[in-house]
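Thanks for making the time this morning; I would like to walk through one protein with you, starting with how far the coordinates can be trusted and then turning to a helix and a set of strands.

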Amino acid sequence: MTELSEHNADLKLEEQSYSDDPLTDRQTDHYRQEYVMSFVEKWDELINWDGRAESEGQFFIDILRARSKETVLDVATGTGFHSVRLAEAGFDVTSADGSAAMLAKAFSNAAARGLILKTVQADWRWLNKGIKGKYDAIICLGNSFTHLHDESDRRRALAEFYAALKHDGVLILDQRNYDQMLDHGFSTKHKFYYVGDKVSAEPEYLDDGLIRMKYTFPDGSEYTLNMCPVRKNYVRRLLDEAGFQRVRTFGDFQETYAEGDPDFFIHVAEKSAIESRWSGASSSREDIQATTEDYYDSDDADTFYSLVWGGEDIHVGLYDETESKAIREASDKTVERMASKVTLGAGGRILDLGAGYGGAMRHMVRTTGADAVCLNISATQNDRNRHRVRKAGMTDKITVKHGVFEDVPEDDGTFDVVWSQDAFLHSDQRGKVMAEAFRVLKPGGTLIFTDPCQADDVGPGVLQPVYNRIKLKDLGSFRFYREAASALGFEVVEQEDLTHELRNHYARVREEMLANTPALRDAGASAAYLDNMATGLQHWVDAADAGHLAWGIQVFRKPG
């Protein structure tokens with residue numbers, strides 16, 4: 001037998017090979033004796049490509065496009081489902097797998113669809129020996145990571161993934177919900193992953209170190225796989241210890257889920273760069289944009305804002321018009337009041353700068369028929385926004401873009417309305433933000449926004465406790481925005497002073513947060529974050545009571 005044929009003996013195996021006691025076969029290398037050709041030929045019956053494509057939708061495509069990724073390494077190619085889908089979506093995909101049998105099937109599946117896969121047979125533990133260059137993204141899907149039986153192998157594989165990524169790369173890795181299986185027994189909806197309706201996939205044996213899955217096909221043939229049932233938080237810890245800076249976990253493609261509900265968890269782990277993602281030049285000052293992005297992408301902030309506000313908006317509400325004093329209802333009132341001040345209809349275009357979770361744009365599209373673009377710096381919020389857009393059936397009307405409002409990625413004179421709610425404060429170049437709004441507006445177009453401001457006559461240092469909460473150097477003021485707008489050529493239409501609502505809002509948010517601290521902790525918000533938030537919110541309330549803050553709806557028009 002030649003060295004090549006010996007290396008790829010799995011291409012000739014027709015029957016799975018186990019020891020006399022299969023439950024002792026807990027070696028990482030054993031998968032080569034499990035994925036035999038006869039099993040691989042039936043694998044697509046289990047996956048059901050059409051059913052899987054419908055169930056996951058654009059999830060992985062959106063995750064990658066949101067982060068402007070182009071080159072993707074699929075390290076667990078299997079029979080090629082995700083490699084093919086991503087290639088068809090325009091990504092530059094390299095397909096890797098340790099199983100020659102799987103790669104052969106993937107290549108033929110792709111060829112049948114008019115694609116030629118770039119394939120490489122590679123063991124994850126020595127991945128970088130087999131590939132060339134670095135990638136924007138790595139995907140490790142299909143519960144493949146659980147083929148690693150030893151912790152040292154898992155750590156080695158994650159280190160190889162990390163090294164194969166570019167400085168701002170992303171790893172997407174999934175796993176079964178083994179927590180539920182170990183603690184409460186096996187159940188499955190077969191709704192998202194293995195959706196072949198004629199194939200049975202159930203555990204034959206389960207303990208803390210081994211799950212032996214049995215697959216039964218319509219022709220009566222049976223196959224098994226031995227895997228390690230790793231728990232969700234254990235995998236998250238491994239990702240963190242491997243160096244990944246942000247890890248978000250989805251349950252069956254949903255961002256909000258009860259722990260026992262999902263069949264699968266999907267971890268999105270980001271490898272952050274030291275330098276700013278948005279600035280080509282280094283700077284001695286703290287990068288304001290990177291700080292803002294990190295803050296809103298954090299699990300603490302996402303948990304807090306999504307639960308306290310309800311996951312639609314993150315802006316100041318109008319409580320005078322809200323009998324219940326509920327934050328979500330008051331936030332909706334702000335959107336409605338702003339909407340009443342602009343003219344927009346079907347065929348119109350509106351741009352939201354700092355769109356957060358996108359609730360305002362969904363309201364505007366629903367009520368006016370216009371098209372909307374949501375520009376936002378937080379990938380975490382953008383992911384949630386896209387999910388809500390898909391759920392609302394508005395993907396043809398709303399585009400979500402990852403970017404900054406100092407450099408808007410849109411053409412001159414293309415929007416009827418530029419909209420923003422409580423976002424400009426995060427920029428240290430607010431004049432440039434106003435200039436970008438002026439640039440992209442059509443003649444006669446309207447800029448409408450709210451922004452927490454300092455009063456015109458505040459002395460130096462007075463608001464430092466307010467600045468410290470979200471690492472600001474200062475705030476704008478009504479006078480600043482009026483003068484900046486006039487200098488650009490805007491007509492000043494209105495600056496409606498609603499400062500008392502700012503005070504009402506921060507007091508209500510603090511009250512709601514304190515009342516729901518146990519729920520926030522259970523959802524993952526840290527005690528330190530919540531303590532700091534309570535202190536910071538009180539500073540805003542105190543500053544408003546002292547007359548040092550201002551807030552309201554500001555409207556400017558670009559001359560026609």
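**Confidence first, then two regions**

Over residues 273–286 the pLDDT stays under 50, and for this stretch the model has 17 contacts beyond four places in sequence. I should say at once that this is a predicted model, with a mean pLDDT of 86 for the protein and 88% of its residues at 70 or more. Among the elements, helix H1, residues 3–7, has the lowest mean pLDDT, 44, whereas strand S11, residues 349–353, has the highest, 98. Residues 1–6 also have pLDDT below 50, and beyond near neighbours in sequence that stretch has two contacts in the model.

Let me turn to helix H7, residues 100–112. Its 13 residues should span 18 Å because each residue contributes 1.5 Å, and the end C-alpha atoms are indeed 18 Å apart, which agrees. Buried residues in H7 include Ala-100, Met-102, Leu-103, Lys-105 and Asn-109, and what covers the buried residues of this helix includes helices H3, H4 and H6 together with strands S2 and S3. After H7 comes Gly-114, with a positive phi near 80°.

Finally, the strands: S7, residues 210–216, is mostly covered, with five of its seven residues buried. S7 pairs with S6 in the antiparallel sense over seven bridges, Glu-202 having Lys-214 as its bridge partner, and the two strands form a hairpin with two residues between them. S7 also pairs with S8, again antiparallel, over six bridges, where Arg-212 has Asn-226 as its bridge partner. In that second hairpin, with five residues between the strands, Gly-220 takes a positive phi near 90°.

Key. Residues are numbered from 1 along each chain as its sequence is written. This is a predicted model: local features need pLDDT of at least 70, side-chain atom pairs count only at pLDDT 80 or more; totals for chains, interfaces and linings use all residues. Side-chain values use heavy atoms; hydrogens and water are left out. Helices (H or I, at least four residues) and strands (E, at least two) are DSSP runs, numbered from the N terminus. The expected span of a helix is 1.5 Å times one less than its number of residues. Buried means under 20% relative accessible area, exposed over 50%, partly exposed in between (1.4 Å probe, protein chains only). Contact means heavy atoms within 4.5 Å. pLDDT is the predictor's confidence in each residue, from 0 to 100. Two strands pair if DSSP finds at least two bridges between them.
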